[in-house]
Structure formats: structure tokens, C-alpha cells
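Have your viewer ready, with the cartoon on and side chains within a click. We will go stop by stop, picking a selection each time and saying what is there.

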Amino acid sequence: MILTKKSTVEELNDVCEALMEKSACSTVRDRTVDLQKSYSTLLGKVQGFITKLEKNLVSHTEFLYYKEEINKWLNDANATIKNCSDVAADDVVVIRQKVVQLQGLSNSIPQGQKLFEMLQDSFTKSSYLYPEDKQTTMFQDISDIRDSLDTVIIGISSSLNNLNAQASRLESYEELKRRINEWLATTESVFETLPETHGEMTEVKTLLERLKHIQTEISFKQTDLENLQQEAANLFDVNKC
């Protein structure tokens with residue numbers, strides 16, 4: 001509407017110039033100049049207000065966009081955490097794969113934090129345009145998202161710690177089992193190759209000492225076997241899986 005009056009103001013200026021050529025009265029020019037100034041001032045204010053409203057509209061659009069984006073990031077993150085928690089306790093290869101997935105998610109935390117910062121910024125720019133109840137709703141949305149982001153970050157750290165600890169226990173268990181199996185194989189081979197004594201007392205004594213030594217080793221290995229059994233019971237208890 002204001003812009004449609006521009007031609008009228010210009011026409012008034014032309015009439016004023018023509019009138020001044022035939023009259024020495026400066027009052028007409030002064031009034032015309034004042035009117036032009038008032039028009040220009042009004043036009044500037046309106047254009048400035050329109051620009052501000054357009055920027056605020058963009059900010060609100062950005063608020064909706066970043067709200068959607070960070071909720072998507074949070075949903076994906078929670079799905080990954082849940083997926084990595086549902087893993088067989090006896091498969092160290094799968095556990096290590098889940099650790100890699102969680103590490104990738106952990107590396108993306110700055111992305112989630114940046115989305116949250118952009119959400120806050122867009123809220124700050126546009127919130128005053130809305131009534132108090134709408135502002136309260138928007139602020140509550142931000143507060144809920146902040147809590148969800150904190151929960152995800154804690155969940156990632158906790159899940160990583162649990163999976164790494166589980167993998168380390170499984171690897172220690174497998175290593176202990178491997179050592180015991182090697183010892184069993186070596187010890188069993190001794191009995192398969194026991195020498196003939198031919199009734200010689202010296203050979204009998206030598207064999208007896210050798211067998212006593214094996215007996216002592218077996219006693220020592222009993223503790224390792226008990227530890228292995230206990231760890232197996234803990235690791236592979238179906239009620240814990």
C-alpha cells in the first residue's frame with residue numbers, strides 16, 4: 001500500500017517544481033520536502049519491520065527443522081544403543097563389532113550437540129513472536145531434548161564400558177581355557193610315552209619322581225579349573241544373557 005503511493009509523491013514533487021518556476025514562495029517547496037521526508041521515513045520503517053519479520057519467520061522455520069533433525073539423531077542413537085545391548089554374551093567377535101558401532105556413534109556426539117545449539121539459537125531469535133503459552137511449550141521441548149541428549153551420551157559411555165569389559169572377560173576366559181587345554185594335551189602325551197622300567201630300581205625311581213611332579217601340577221591346575229568353571233558359569237548363565 002505504501003509503495004503504491006510512491007508515484008503520487010513523485011508526481012507531487014514534479015508539480016512543486018513547476019509551481020516554483022512561477023512563484024517565489026518557498027513554503028510550497030518546504031512542505032513538499034517535509035512530506036517526502038515523512039514518506040521516506042515511513043517506508044524505511046515498514047521495510048525494516050518486514051525484513052525483521054522475514055528473518056524471524058526463517059528462525060522459526062529453522063527451529064522446526066533443527067527440532068526434527070535432532071529428534072531423528074536421538075532416535076537413531078537410541079536404536080544403536082539398544083541394538084548393541086542385545087548381543088550374545090559368548091561371542092567376542094560380535095561384541096567387538098558392537099564396540100566399533102558404538103565408537104562411531106560416540107564420534108557423532110558433536111553433531112548432536114551442534115544440532116541442539118542451533119535449535120536453541122533459533123528459539124532465541126523467534127520465541128518472542130509467540131504468546132507466552134507457546135513459548136513455554138517450545139522451551140519445554142528444548143528442555144526435554146537436552147535431557148534426552150544427556151541420556152544418550154551417558155548411555156553410549158555406559159554401553160561401551162560394559163561391552164569392553166565383557167569382551168575382555170571373554171578373551172581372558174578363552175586364553176585360560178587355551179592354556180589348560182595345552183597343558184592337558186602335554187600331560188596326556190606323557191602317559192602315552194611312559195618308558196619301560198625293566199625292573200630297574202633306578203628307572204622306577206626316576207619314573208616315580210616324574211609322576212609325582214605331574215601329580216603336583218595337577219593339584220595346582222585344580223585352582224585354574226575351578227576359576228575357569230566359575231567364569232564360564234558367570235559368562236554363559238542364560239538368566240543373564
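## First stop: Ile153

Select Ile153, which sits in helix α5. Keep in mind as you look that this is a predicted model. Ile153 is partly exposed, at a relative accessible area of 26%. Now show what it touches: setting aside residues up to four places away in sequence, Ile153 is in contact with Ile109 and Gln113. For a distance to draw, pick the C-alpha atoms of Ile153 and Ala77; they lie 9.2 Å apart in space, with their positions 76 residues apart in sequence.

## Second stop: α4 against α5

Next, colour helix α4 (residues 109-126) and helix α5 (residues 132-192). How many Å apart are their axes, and at what angle do the two helices pack? The axes are 11 Å apart and the angle is about 170°. An angle over 145° counts as roughly antiparallel, and α4 and α5 are therefore roughly antiparallel to each other.

To see the contact itself, show side chains on both helices. From α4, select Ile109, Gly112, Gln113, Phe116, Leu119, Gln120, Phe123 and Ser126; they meet Gln135, Met138, Phe139, Ile142, Ile145, Arg146, Leu149, Ile153 and Ile156 of α5. Colour this contact by class and you will find 11 nonpolar, five polar and one charged residues. Ile153, from the first stop, is one of the α5 residues here.

## Third stop: down the axis of α4

Stay with α4 and hide α5 for a moment. The 18 residues of α4 reach 26 Å from the first C-alpha to the last, close to the 26 Å expected at 1.5 Å a residue. Select its buried residues: Ile109, Gly112, Leu115, Phe116, Leu119, Ser122, Phe123 and Ser126. Turn the view until you look down the axis of α4; the buried residues fall within an arc of 150°, so they line one face of the helix. As a reminder, an α-helix has 3.6 residues a turn, so residues three or four places apart point the same way.

## Fourth stop: the two sides of α3

Move to helix α3 (residues 92-107), where the end C-alpha atoms are 22 Å apart, in agreement with the 22 Å that 16 residues should span at 1.5 Å a residue. Which residues of α3 are buried? They are Ile95, Lys98, Val99, Leu102 and Leu105. Around the axis they cover an arc of only 120°, which puts them on the same side of α3. Rotate to the other side of α3 and you meet Val93, Val100 and Asn107, which are exposed.

## Fifth stop: Lys98 and Cys84

Zoom in on Lys98 in α3. Is Lys98 buried or exposed? Its relative accessible area is 13%, and the cut-off for buried is under 20%, so Lys98 counts as buried. Beyond its neighbours within four places in sequence, Lys98 is in contact with Asn83, Cys84, Val87 and Leu163. Between the C-alpha atoms of Lys98 and Asn83 you can draw a line of 8.3 Å, and the two are 15 residues apart in sequence.

From Lys98, step across to Cys84, found in helix α2 (residues 26-85). Cys84 is buried, with a relative accessible area of 1%. Leaving out neighbours within four places in sequence, the contacts of Cys84 are Lys98, Gln101, Leu102 and Leu163. The C-alpha atoms of Cys84 and Leu102 are 7.4 Å apart, across 18 residues of sequence.

## Last stop: the whole chain

Zoom out and colour by secondary structure. The chain comes to six helices and zero strands, following the pattern α-α-α-α-α-α along the sequence. Of its 241 residues, 24% are buried. Finally, display the contacts between residues at least 6 apart in sequence: 74% of them join residues at least 24 apart.

Notes
Residues are numbered from 1 along each chain as its sequence is written. This is a predicted model: local features need pLDDT of at least 70, side-chain atom pairs count only at pLDDT 80 or more; totals for chains, interfaces and linings use all residues. Side-chain values use heavy atoms; hydrogens and water are left out. Axes are lines fitted to C-alpha atoms, for helices over the stretch in contact, and angles run from 0 to 180 degrees between N-to-C directions. Helices (H or I, at least four residues) and strands (E, at least two) are DSSP runs, numbered from the N terminus. Angles under 35 degrees count as roughly parallel, over 145 as roughly antiparallel, 65 to 115 as roughly perpendicular and the rest as oblique. Contact means heavy atoms within 4.5 Å. Ala, Val, Leu, Ile, Met, Phe, Trp, Tyr, Cys and Pro count as nonpolar, Asp, Glu, Lys and Arg as charged, and the others, Gly among them, as polar. The expected span of a helix is 1.5 Å times one less than its number of residues. Buried means under 20% relative accessible area, exposed over 50%, partly exposed in between (1.4 Å probe, protein chains only). The arc is that of the directions from the helix axis to the C-beta atoms.
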